[in-house]
Amino acid sequence: MSTIKQALSSPFRGRGGLSKRIIPCLDVANGRTVKGVNFVDLRDAGDPVELAWNYSQQGADELVFLDITATHERRKTMVELVKAVARQINIPFTIGGGINEIADADALLNAGADKISINSAAVRNPALIDELAKAFGVQFVVIAVDTRINGDKNIVHLNGGRIPTEKETLDWIKEAESRGAGEILLTSMDHDGTKGGFDNKLLKLVNDTVHIPVIASGGAGSVQHFVDVFEQTNVDAALAASVFHYGEILIPDLKEILRQNNIEVRTLAS
Amino acid sequence: MNEEEQNIQDEQSSPLQTPPSGGGGLGIIRYGAGNIFSLTAALERLGIAYGMVYTEADFEQFDRFIIPGVGHAGAAMDKLQNTGLVPKIKSLTKPVLGICVGMQLLTSYSEEGDSNLLNLFPVRTLRFKDSADYKVPHTGWNKVFPEKENILFKNIPSGSHFYFVHSYFIEYDQTYTLSSTDYNNKFSASIWRDNFYGVQFHPEKSGKYGETLLTNFSNI
């Protein structure tokens, strides 16, 4: 009886056996990873494919590549990256950064990307979400939202949190869902880089409001932060960059702790 | 983009494609639904010879087939009808594996687009019920439990995780369900009848166990 009660009060009730996902995020420019990657056993820490393969072997459930290439060759370098990843990696991955039109998305889909992530292009032209969902299906369209508190409100920001918009975060996320977003990647710019934990209050509010998967981002500093975000908000996935790149958190250890906390995670083939 | 352009684009973006080497290979049935780059990449990694099936004559070159597919089941069925390959597919006696929407096409009917499908399996494809606890699409890694002995799940422990992305599912059926998964309701993660197989998850994106399943299919 107590087990039944426990099961009914669990925040993970009603998920079948669906796992919580752990997602390393890689920043790339001109086909190379940027920002600190400090793996001891990598031959070439700048090679996004080798890094991605390494993460897939460790048990990452999914990968996000954020392309920050700032040249007119951008689409070509992104397509090359996506093809190289799709050839080698046997888990799903998302690519984001500078996707402005259907043709960008089409090229990335055909190169093997599972999802694309759109941020500022969707804020500037919300109808782009409808077009992408119609052309490729909602499962292909991740809307990335950078949020920062302005006064007492969560406001959508652009350019890595530097430029505030007119949009309130929850309103924008609801609009994105209604237009055809298949998933929300929510980054708290107030928490990002602090290593003080995820913005669980906002994440819970968003997760309780929408009916599509939510990925938490910004603030991961310890294993406990991942336990907290899943227990307190019930989001579907948690994303981090530096704690994984610098080896501060190893994915097998993280998953073991999550499992000990009765959080459903994927078991790897031995 | 029309279908022809889609096909051409697929060709251009698939430098991995190798011609079948005199039989023994796996034919991917092409009908303009979905991208196959990740699937062919997985076959390359696994060393499974493959080629493309566009016409009825192409079927003779291969000894097993995959029906890929993502997107809208009704639209996919329309595209498949347009190829004229439906009678040939239904008459196949060599192993056939439908993946995701390619699997749903094997069933009798889908609520998506209120569509009649191939009816190789007398079961229906239904939409997940809207619910606060179960988000739709069902996205991510979920546990798959084989319900019958079959080579497709050889060396894959019961309860292994596979990667799913779908809003519609094939109803559970004691006769045809090969493996089941639970998400709001129990549904068919895979189906099996004679030489016909289908998997709802994406083996090409499901880590090592997904690759094992593809290898197993190549050995049926």
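## The core of the model

Let's begin in the middle of this predicted model. Its largest nonpolar core has 141 residues. Within that core, the residues with the most contacts are Val141(A), Ile143(A), Ile184(A) and Ala238(A).

Which residues does Ile143(A) contact, leaving aside its neighbours within four places in sequence? They are Ile118(A), Ala122(A), Ile129(A), Ala176(A), Ala181(A) and Ile184(A). Notice that Ile184(A), one of the residues with the most contacts inside the core, turns up here as a partner of Ile143(A).

## A strand residue beside Ile184(A)

Ile184(A) also leads us to Val214(A), which lies in strand S10 (residues 214–217) of chain A. Along the chain, Val214(A) and Ile184(A) are 30 residues apart, yet their C-alpha atoms are separated by 4.8 Å. Setting aside residues up to four places away in sequence, Val214(A) touches Ile184(A), Leu186(A), Leu203(A), Val206(A), Asn207(A), Val235(A) and Asp236(A).

Is Val214(A) buried or exposed? Val214(A) counts as buried because 24 C-beta neighbours lie inside 10 Å, and 20 or more are needed for that label.

## Helices packing in chain A

Now find helix H2 (residues 48–58) of chain A, which packs against H3(A) at an angle of about 35 degrees, with the two axes 10 Å apart. The crossing of H2(A) past H3(A) is right-handed. From H2(A), the contact uses Pro48(A), Val49(A), Ala52(A) and Trp53(A), while H3(A) brings Leu81(A), Ala84(A), Val85(A) and Gln88(A). Sorted by class, that contact has 7 nonpolar residues, 1 polar residue and no charged ones. Here is a handy idea for looking at helices: an α-helix has 3.6 residues a turn, so residues three or four places apart point the same way.

Another pair to look for is H4(A) with helix H6 (residues 127–136) of chain A, packed at an angle of about 35 degrees with axes 10 Å apart. H4(A) passes H6(A) in a right-handed crossing. Here Ile102(A), Ala105(A) and Leu109(A) of H4(A) meet Glu131(A), Leu132(A), Ala135(A) and Phe136(A) of H6(A). The classes in this contact are 6 nonpolar, no polar and 1 charged. The buried residues of H4(A) are Asp104(A), Ala105(A), Leu108(A), Leu109(A) and Asn110(A). Just beyond the end of H4(A), Gly112(A) has a positive phi of about 110 degrees.

## Where the two chains meet

How many residues of chain A are in contact with chain B? There are 30, and they meet 34 residues of chain B. On the chain A side, the elements that give two or more residues are helix H3 (74–88) and helix H4 (102–110). By class, this side of chain A has 10 nonpolar, 12 polar and 8 charged residues.

## A tour of chain B

Chain B has 6 helices and 13 strands. Of its 220 residues, 51% count as buried. Among the contacts in chain B with a separation of 6 or more, 69% come from residues 24 or more positions apart.

For a contrast with the buried residues, try Asn219(B), in the segment after helix H6 (207–218) of chain B. Asn219(B) counts as exposed because 11 C-beta neighbours lie inside 10 Å, and 12 or fewer earns that label. From Asn219(B) to Ile29(B) there are 190 residues in sequence and 19 Å in space, C-alpha to C-alpha.

## Backbone details to spot

Look in the loop between strand S7 (121–127) and strand S8 (138–146) of chain B for Pro137(B). A cis peptide bond joins Val136(B) to Pro137(B), with omega about 5 degrees.

Next come two residues other than glycine with a positive phi. Cys100(B) has phi near 55 degrees and sits in the loop between strand S4 (96–99) and helix H5 (101–104) of chain B. With 25 C-beta neighbours inside 10 Å, Cys100(B) counts as buried. Lys195(A) also has phi near 55 degrees, in the loop between strand S9 (183–188) and helix H8 (200–209) of chain A. Its 15 C-beta neighbours inside 10 Å make Lys195(A) partly exposed.

## Confidence in chain A

The mean pLDDT of chain A is 88, and 89% of its residues reach 70 or more. Over residues 1–14 of chain A, pLDDT stays under 50. For that stretch, the model has 10 contacts beyond four places in sequence.

Key:
Residues are numbered from 1 along each chain as its sequence is written. Chains are lettered from A and ligands numbered from 1 in the order in which they are written. This is a predicted model: local features need pLDDT of at least 70, side-chain atom pairs count only at pLDDT 80 or more; totals for chains, interfaces and linings use all residues. Two residues are in contact if their C-beta atoms, placed from the backbone, lie within 7 Å. Helices (H or I, at least four residues) and strands (E, at least two) are DSSP runs, numbered from the N terminus. Ala, Val, Leu, Ile, Met, Phe, Trp, Tyr, Cys and Pro count as nonpolar, Asp, Glu, Lys and Arg as charged, and the others, Gly among them, as polar. A nonpolar core is a set of buried Ala, Val, Leu, Ile, Met, Phe, Trp, Tyr and Cys residues joined through C-beta atoms within 7 Å. pLDDT is the predictor's confidence in each residue, from 0 to 100. Axes are lines fitted to C-alpha atoms, for helices over the stretch in contact, and angles run from 0 to 180 degrees between N-to-C directions. A crossing is left-handed if the near helix is turned anticlockwise from the far one by less than a right angle, and right-handed if clockwise.
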